[in-house]
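This report goes through the fold with the sequence and coordinates at hand, moving from local backbone features to the packing of helices and the sheet.

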Amino acid sequence: MPPQAVHRNDMLVNSNYMKETINQLDWSTISSRLNEHGYALIKQVITVDGCDQLAKGYDQKELYRKTINMERYRFGLGEYKYFNYPLPVIIEQMRQSIYPHLAKVANTWMRVLNIDKHFPEEHRELLDECHAHQQTRPTPLILRYDKGGYNTLHQDLYGDIYFPMQLALFLDEPGKDYEGGEFVLIEQRPRAQSKAIVLKPGKGDMLIFTTNFRPVKGSKGYYRVNMKHGVSEVISGRRHTLGIIFHDAA
């Protein structure tokens, strides 16, 4: 059973319920899924009311530092906005609470792939490393797609310092609020055809997935598999997603 989801009316300013929800998740199972598949889908992390409040925040201009028209940059069709510092408390608490669990997985990935990189235990230390490399701009964002909207395959790296996992919170219900708009992961194995993974998370679900690559065990040990993500075309309705990236941007 999922833990009790956040249901307070102050989603953007209250932290305690989100912290408790995150700490109650089955991180052993989540870690295993990340190791085996490069992603993990967790159901009903936030309630319907909570999702609606976050989606309504899309129109609060003071929350954001930049708006991106995806068509202009050939990223797809739709719009997204990067949050300002200080981040809304719910996003800040998710970054801080989730990161330590994922850092353990990330460090295992680095070790088995023989990559000379160790991620710190606390999120604040990762940000310190980003800022030392002139990566100081916040990367959490909210995306909106209307009919015809889509997102091309990409990786959210933003600079030399990047964390190999990120997450998305789905704020609308597929089949009710919109049609189409599936979340797509493409796995690019060496000397093989690419594999497509198509997901339809529900409203309030959280998806954790690899930012760039994951390790896969072969007959001669582990090897690196690159992955990209995107969103298929929205056939009708409107789709909102909250994206939380753990590193900052240059």
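## Two loops with notable backbone geometry

Gln 134 is found in the loop between α5 (123-132) and β5. In this predicted model, the phi angle of Gln 134 is near 60°, which is a positive value in a residue other than glycine.

A second loop, the one between β4 and α4, holds Pro 86. The peptide bond that leads from Tyr 85 to Pro 86 is cis, and its omega lies near -5°.

## Overall dimensions

The protein is made up of five helices and 15 strands. Its C-alpha atoms, taken along the principal axes, fill a box of roughly 50 × 40 × 40 Å. For a compact globule with 250 residues a radius of gyration near 18 Å would be expected, and the protein, at 17 Å, agrees with that.

## The seven-stranded sheet

Seven strands form an open sheet, in which the order is β1-β11-β7-β15-β5-β4-β2 and the pairing is antiparallel. The edges are taken by β1 (39-42) and β2 (64-69), each of which has a single partner strand, so that one side of each is left without a neighbour in the sheet. Direction ignored, neighbouring strands of this sheet are turned against each other by 20° on average.

Within the sheet, strand β5 (residues 141-145) and strand β15 (residues 239-245) run antiparallel and are joined by five bridges. Across this pair, Ile 142 stands opposite Leu 242 in β15.

## Helix α4 against the sheet

Helix α4 connects the description of the sheet with that of the helices, since the contacts below involve both. It lies across β4 (79-83), β7 (165-170), β11 (206-210) and β15, and the angle at which α4 runs to β7 is about 140°.

## Helix α4 with α1 and α2

Two packed helices are described by the angle between their axes and by the distance between those axes. Helix α1 (residues 16-23) packs with helix α4 (residues 89-112) at an angle of about 20°, the axes being 9 Å apart. An angle of this size makes α1 roughly parallel to α4, and α1 passes α4 in a right-handed crossing. On the α1 side the contact involves Met 18, Lys 19, Ile 22 and Asn 23, which meet Ile 90, Gln 93, Met 94, Ser 97, Ile 98 and His 101 in α4. Sorted by class, the residues in the contact of α1 with α4 are five nonpolar, four polar and one charged.

Helix α2 (residues 27-37) and α4 pack at an angle of about 40°, with a distance of 11 Å between their axes. The two helices α2 and α4 are therefore oblique to each other, and the crossing in which α2 passes α4 is right-handed. Trp 27, Ser 31, Leu 34 and Asn 35 of α2 make this contact with Ile 98, His 101, Leu 102, Val 105 and Trp 109 of α4. In the contact of α2 with α4 there are six nonpolar and three polar residues, and no charged ones. Ile 98 and His 101 of α4 are thus listed in the contact with α1 and are listed again in the contact with α2.

## Helix α4 with α5

The packing of α4 and α5 has an angle of about 100°, and their axes are 8 Å apart. That angle makes α4 roughly perpendicular to α5. The residues in contact are Arg 95, Gln 96 and Tyr 99 of α4 together with His 123, Leu 126 and Leu 127 of α5. By class, the contact of α4 with α5 is divided into three nonpolar residues, two polar and one charged.

Definitions and conventions: Residues are numbered from 1 along each chain as its sequence is written. This is a predicted model: local features need pLDDT of at least 70, side-chain atom pairs count only at pLDDT 80 or more; totals for chains, interfaces and linings use all residues. Side-chain values use heavy atoms; hydrogens and water are left out. Axes are lines fitted to C-alpha atoms, for helices over the stretch in contact, and angles run from 0 to 180 degrees between N-to-C directions. Helices (H or I, at least four residues) and strands (E, at least two) are DSSP runs, numbered from the N terminus. Angles under 35 degrees count as roughly parallel, over 145 as roughly antiparallel, 65 to 115 as roughly perpendicular and the rest as oblique. A crossing is left-handed if the near helix is turned anticlockwise from the far one by less than a right angle, and right-handed if clockwise. Contact means heavy atoms within 4.5 Å. Ala, Val, Leu, Ile, Met, Phe, Trp, Tyr, Cys and Pro count as nonpolar, Asp, Glu, Lys and Arg as charged, and the others, Gly among them, as polar. Two strands pair if DSSP finds at least two bridges between them. The radius of gyration is taken over C-alpha atoms; the globule rule is 2.2 Å times the number of residues to the power 0.38.
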